[in-house]
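Work through the exercises below with the coordinates open. Try each task before reading its solution.

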Amino acid sequence: YLPEKIDGVRPGMFARLHLLTGSAKKIVVPSGAVVRRGEVSLIYVLDDKSAPRLRQVRLGEAQAGGDIEVLAGLAAGETIALDPIRAGIDTRKKP
């Protein structure tokens, strides 16, 4: 319930209310680790030999602190390259 008298409130005004109804575990990555090519989002994932491999991901909402949610294409516990430029250079050097 709202208080009876609130200063500055006039008819026709509106407000947005965000309610936290639960919590869920999310996979988030730094937005700087994401490579965007057109409408495709990619992340360099390190394989078992620590070689970077480019993988397509589907992104969700941006989070506080500059992170972005990954909805698909990345599993929890996988190692990603935080510097996609360096990872791309390393990929081109290896046969």
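**Exercise 1. Strand pairing.** Which way do strand 2 and strand 3 pair, and over how many bridges?

Solution. Strand 2 and strand 3 (residues 40–46) are antiparallel, with four bridges between them. Two strands pair if DSSP finds at least two bridges between them. Strands (E, at least two residues) and helices (H or I, at least four) are DSSP runs, numbered from the N terminus. Now find a facing pair: Leu42 in strand 3 has Val35 opposite.

A note on the input. This is a predicted model: local features need pLDDT of at least 70, side-chain atom pairs count only at pLDDT 80 or more, and totals for chains, interfaces and linings use all residues. Residues are numbered from 1 along each chain as its sequence is written, and side-chain values use heavy atoms, with hydrogens and water left out.

**Exercise 2. The sheet.** Give the strand order, then name the edge strands.

Solution. Step one: the order is 1-5-4-3-2, an open sheet of five strands with antiparallel pairing. Step two: strand 1 and strand 2 (34–37) are the edges, since each pairs on one side only. Step three: take the twist. Neighbouring strands of this sheet are turned by 55 degrees against each other on average, direction ignored. The axes behind such angles are lines fitted to C-alpha atoms, for helices over the stretch in contact; angles run from 0 to 180 degrees between N-to-C directions.

**Exercise 3. Salt bridges.** Count the salt bridges and identify the partners.

Solution. Apply the rule: a side-chain nitrogen of Lys or Arg within 4 Å of a carboxyl oxygen of Asp or Glu. The count is two. One joins Arg55 and Glu78, with the closest N and O atoms 2.8 Å apart. Arg55 lies in strand 4 (residues 52–62) and Glu78 in the loop between strand 5 (67–72) and helix 1 (84–93), so this pair ties together parts 23 residues apart in sequence. Another joins Arg53 and Asp47 at 3.4 Å, N to O.

Next, check accessibility. Buried means under 20% relative accessible area, exposed over 50%, partly exposed in between (1.4 Å probe, protein chains only). Arg53 is partly exposed at 47%. Asp47 is partly exposed at 26%.

**Exercise 4. A nonpolar patch.** Which residues make the nonpolar surface patch?

Solution. Leu2, Ile6, Val9 and Met13 make it, over about 420 Å². Patch residues have over 30% relative accessible area and no salt bridge; nonpolar side chains (Val, Leu, Ile, Met, Phe, Trp, Tyr) are joined within 5 Å, like charges within 9 Å. Areas come from the Shrake-Rupley method with a 1.4 Å probe; for residues, only the protein chains shown count as cover. Test one member: Ile6 is partly exposed, at 40%. Ile6 sits in the segment before strand 1 (27–30).
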